[in-house]
Structure formats: structure tokens, C-alpha cells
Amino acid sequence: MSAPVPPDIAEIERAISRVAHLLTRFRQHDRTVVAAGVPVDRAAVPLLRALAEHEGPMRPGELAVRLAVEAPHVTRQLQRLERAGYVERVPDPDDRRCQRVGLTGAGRAAVESIRASGRRWIGEALAAWSPAERERLAGLVNRMVDDFAAHSAATAAGPAADGD
């Protein structure tokens, strides 16, 4: 029999599930990405964001690991983004047999448009919140994401990660 779940943990899990559902719905994609004037599907947005957050071009496999998706998924999306002019392939300086993928000027502009549209939507949704409340939320959400990432890395590494 499993241990009872503390009510606060159950409520956090419920809230995260609701937020994830709201943010990943097709209609939400239309409200932010399509409204930004960037004609890409939902699966392409995390790739664009990851490339924008990284210093310089990345290997497709590195991008797949960062996004925790299968490499063929990344390859298909990159091909679409390349045809649309948002990404370009460049030689890997460490291994000329390989290629890296980076954003083009149009790709950087697309990411900025997507971010601006998303920020507008969030600002409208939280318009009744005070700046102090929004600042506190931002701090707590960032802390939560950092802790989730650290816990995920530690559990993925297995028992050897704790020094045994």
C-alpha cells in the first residue's frame, strides 16, 4: 500500500496538470503562436525556443536530448523549419562530418514574436494581480522548475548519483 499523499502535494499536482493542459491546447497555440504571425505547428515552438536560448547552433541530437524527445521528431521539425526559413544548417566546427542547426534572422524574429504574444496573453490573464504577486509567482515557479529539473537529473542518474 502506498503512503498517503499530502494534500498540498496533491493540490500542486492538480494545478500543474491544469496549467499544462491550458498551455498545450490547440486553441492556446492559435492565441499565441498563430496570433504572433508565425505559421508553425505546436511541435516546432519548443525547438525554436531551445535554439534561441542556446549560445550558437546545436547538433540535432543535442536538441533532442534537451527537449527529451526522439531524434526523428527533431529531424522532421527541423526540416520543416528549414524550409520555412527559420533555421539553417551549418558545419560543426568540432567535426566537419556533422552539422549543427541555428536560427536565421527570421527564426530569431519568429521566437521574439511568439514570446511577445505569450507575454501579452499572460499579462492579460494576470491583469488583476499586483506586480508584487506576479513577482512572487515568477520566483516560486522558477524555483519549482529548477527543483524539478534537478530532481529529474538526479533520478535519471540512478543510485550512483548520490555517491554510492
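Hi everyone. Let me start with a definition: a residue counts as buried when its relative accessible area is under 20%. His29 has a relative accessible area of 7%, so it is buried. Please keep that cut-off in mind, because buried means under 20% for the other residues in this talk too.

Before we go on, one caution: what you see above is a predicted model.

Let's take the overall view. The protein has seven helices and two strands. If you read along the sequence, the pattern is α-α-α-α-α-β-β-α-α. Along its principal axes, the C-alpha trace spans about 55 × 50 × 30 Å. There are 164 residues in the protein, and 23% of them count as buried. As for contacts with a separation of 6 or more, 48% of them come from residues 24 or more positions apart.

Now back to His29. You can find His29 in helix H2. Which residues does His29 contact, leaving aside its neighbours within four places in sequence? They are Val34, Val40, Asp41, Arg42 and Val45. For a sense of distance, try looking from His29 across to Gln79, which is 50 residues away along the chain. The C-alpha atoms of these two residues are separated by 21 Å.

Next stop, Gln77. This residue sits in helix H5, which covers residues 71-84. Is Gln77 buried or exposed? Its relative accessible area is 4%, so Gln77 is buried. Not counting residues up to four places away in sequence, Gln77 touches Asp41, Ala43, Ala44 and Leu47. You have met Asp41 already, as one of the contacts of His29.

Let's move to the strands. S1 covers residues 87-92, and S2 covers residues 95-103. The two run antiparallel, with six bridges joining them. They form a hairpin, and two residues lie between the strands. If you want to trace the pairing yourself, find Glu88, which stands opposite Gly102 in S2. Then find Arg89, whose opposite residue in S2 is Val101. Here is a general point to help when you look at this part: side chains in a regular strand alternate between the two faces of the sheet.

Asp92 is worth a pause while we are here. Asp92 belongs to strand S1. Its relative accessibility is 0%, so Asp92 counts as buried. What does the side chain of Asp92 reach at 2.8 Å? The partner is the backbone nitrogen of Asp94. Setting aside neighbours within four places in sequence, Asp92 is in contact with Arg59, Cys98, Gln99 and Arg100.

Finally, let's visit the largest pocket. About 1800 Å³ of space lies in it. The pocket is lined by 38 residues, and the closest to its centre are Val19, Ala20, Leu23, Ile122 and Val141. Which elements give two or more residues to that lining? They are helix H1 (7-24), helix H2 (26-34), helix H3 (44-53), helix H4 (60-67), helix H6 (105-125) and helix H7 (131-157). Helix H2 is also where we found His29. By type, the lining residues of the largest pocket divide into 24 nonpolar, six polar and eight charged.

That's the tour. If you would like to retrace it, you could begin with His29 in helix H2, go on to Gln77 in helix H5, and then visit Asp92 in strand S1. Thanks for listening!

Methods: Residues are numbered from 1 along each chain as its sequence is written. This is a predicted model: local features need pLDDT of at least 70, side-chain atom pairs count only at pLDDT 80 or more; totals for chains, interfaces and linings use all residues. Side-chain values use heavy atoms; hydrogens and water are left out. Helices (H or I, at least four residues) and strands (E, at least two) are DSSP runs, numbered from the N terminus. Buried means under 20% relative accessible area, exposed over 50%, partly exposed in between (1.4 Å probe, protein chains only). Contact means heavy atoms within 4.5 Å. A polar contact is a pair of N or O atoms within 3.5 Å; within protein, one must be able to donate a hydrogen and the other to accept it, and residues adjacent in sequence count only if both atoms are side-chain atoms. On a 1 Å grid over the protein atoms alone, a cavity is a set of points where a 1.4 Å probe fits but cannot get out, and a pocket is an open set with protein on both sides within 12 Å along at least five of seven lines; lining residues have an atom within 4 Å of a point. Grid points are joined across faces, edges and corners, and a volume is the space filled by probe spheres set on the points. Ala, Val, Leu, Ile, Met, Phe, Trp, Tyr, Cys and Pro count as nonpolar, Asp, Glu, Lys and Arg as charged, and the others, Gly among them, as polar. Two strands pair if DSSP finds at least two bridges between them.
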